[in-house]
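Trainee: I'd like to learn how to read a protein model. Can you walk me through one, feature by feature?

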Amino acid sequence: MSGVIRVVVADDQPVVRQGFAAMLGADPGVAVVGEAGDGLALVELVTRLRPDVALVDVRMPGTDGLTATERLAAAGLLGPGRTQVVVLTTFDLDEYVDRALRAGAAAFLLKTLTHEQLRDAVRVVAAGEQLLAPAATRRLIGRYLARAAVDPAVPAEAARRLSVLTERELGVLRLLAAGLSNAEIAATLVITEHTVKTHVARVLAKTGTRDRTQAVVLAFDARLVSPAG
């Protein structure tokens with residue numbers, strides 16, 4: 001199993017759940033190690049199996065997918081090097097995006113995605129990156145944060161947390177918020193990918209954010225960037 005991405009799938013509809021499992025199972029680099037029909041079962045599976053990635057439906061009976069994600073985050077089980085959550089939903093609702101990202105989800109995708117997009121999403125988040133592209137995810141994030149950006153209740157604390165960053169680290173954070181990968185950031189700044197990873201690690205440590213997504217949300221909260229770019 002060395003090098004194989006271990007995935008669990010949580011959806012209350014068996015046909016959908018099995019469909020995603022079959023799509024991923026066709027990839028020799030991915031192993032579906034468990035399935036769950038509700039949020040409580042998902043929490044138990046992730047706690048016991050510690051998969052690389054969890055595909056999580058939003059609306060499930062009892063404990064929904066977002067609540068389950070929040071519980072896993074509170075238990076310290078989410079993030080790079082642990083389990084990365086990909087939230088999948090048929091509902092294009094802004095509040096889901098905000099709650100999912102703040103809970104620690106690595107990606108928020110609609111169920112209309114193709115096999116290739118699902119496979120790519122799993123590989124991206126398993127590598128420790130947050131999926132702020134494709135365009136659908138950027139649009140959803142941007143639409144929510146456009147409102148948050150003009151909300152006078154947005155805390156000044158966000159700006160204070162970013163004040164400890166160097167100009168280079170702020171530049172890297174801006175590019176993260178634009179949805180660029182490590183390789184794209186390296187090419188833009190003419191530095192190595194290793195250097196990008198070092199800068200990202202320092203951003204997370206200095207701001208006290210759990211992962212790249214949380215850092216990007218903080219950047220929007222502090223108005224370092226706007227949804228329009």
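**Reading the fold, step by step**

Mentor: Let's start with the contacts. Among those in the protein chain between residues at least 6 apart in sequence, 68% join residues at least 24 apart. Keep in mind that this is a predicted model.

Trainee: Okay. How many helices and strands are there in the protein chain?

Mentor: The chain has 11 helices and five strands.

Trainee: And what share of the 229 residues is buried?

Mentor: Buried residues make up 48% of them. You can look at the outside too: the accessible surface comes to about 10200 Å², and 56% of that belongs to carbon and sulfur atoms.

Trainee: Let's zoom in on a helix. Is α3 mostly covered or mostly uncovered?

Mentor: For a helix, you go through its residues and check which ones are buried. Helix α3 runs over residues 65-74, and seven of its 10 residues are buried, so "mostly covered" fits, with buried meaning under 20% relative accessible area. The buried ones are Gly65, Leu66, Thr67, Ala68, Thr69, Leu72 and Ala73.

Trainee: What should I look for at the two ends of α3?

Mentor: At the start, look at Asp64: one of its side-chain oxygens reaches to within 3.0 Å of the backbone nitrogen of Leu66. After the helix comes Gly76, and its phi is positive, near 75 degrees.

Trainee: Which residues does Val43 touch, leaving aside its neighbours within four places in sequence?

Mentor: Val43 is in contact with Ala68, Arg71 and Leu72. Val43 itself sits in helix α2, residues 39-49. Now compare sequence and space: Val43 and Leu72 are 29 residues apart in sequence, with 6.5 Å from C-alpha to C-alpha.

Trainee: Why does Val43 count as buried?

Mentor: Val43 counts as buried because its relative accessibility is 18%, and the cut-off is under 20%.

Trainee: Let's try a strand residue. Where is Val87?

Mentor: Val87 is in strand β4, residues 84-89. At 1% relative accessibility, Val87 counts as buried. Leaving aside neighbours within four places in sequence, its contacts are Val56, Val58, Leu66, Ala100, Ala105, Ala107, Phe108 and Leu109. You've already met one of these, Leu66, among the buried residues of α3.

Trainee: And how do I read a buried residue with a polar side chain, say Thr207?

Mentor: Check its place, its cover and its partners. Thr207 is in helix α10, residues 193-207, and is buried, with a relative accessible area of 4%. The side chain of Thr207 reaches the backbone oxygen of Val203 at 2.6 Å. Beyond its neighbours within four places in sequence, Thr207 is in contact with Arg161, Leu162, Leu165 and Leu218.

Trainee: Last topic: empty space. How many cavities of 30 Å³ or more turn up in a search of the whole structure?

Mentor: Two. Let's take the second largest, which holds about 30 Å³ of space. With a cavity, you ask who lines it: here Val9, Ala10, Asp11, Phe20, Leu55, Val56, Asp57 and Leu88.

Trainee: Which strand gives the largest share of that lining?

Mentor: That's β3, with three residues. Both β1 (5-10) and β3 (53-57) supply at least two residues each.

Trainee: How does the lining of the second largest cavity divide into nonpolar, polar and charged?

Mentor: Six residues are nonpolar, none are polar and two are charged. Notice Val56 again: it lines this cavity, and it is also one of the contacts of Val87.

Conventions: Residues numbered from 1 in each chain as written. Predicted model: local features only at pLDDT ≥ 70, side-chain atom pairs only at ≥ 80, totals over all residues. Heavy atoms only, no water. Buried < 20%, exposed > 50% of the residue type's maximum accessible area, 1.4 Å probe, protein only. Helix = DSSP H or I, 4+ residues; strand = E, 2+ residues; numbered from the N terminus. Polar contact = N/O pair within 3.5 Å; in protein donor to acceptor, adjacent residues only side chain to side chain. 1 Å grid on protein atoms, 1.4 Å probe; cavity = no way out; pocket = protein on both sides within 12 Å on 5 of 7 lines; lining within 4 Å. Points joined across faces, edges and corners; volume = space filled by probe spheres on them. Nonpolar A, V, L, I, M, F, W, Y, C, P; charged D, E, K, R; others polar. Contact = heavy atoms within 4.5 Å. Areas by Shrake-Rupley, 256 points an atom, 1.4 Å probe, with all protein chains shown as cover.
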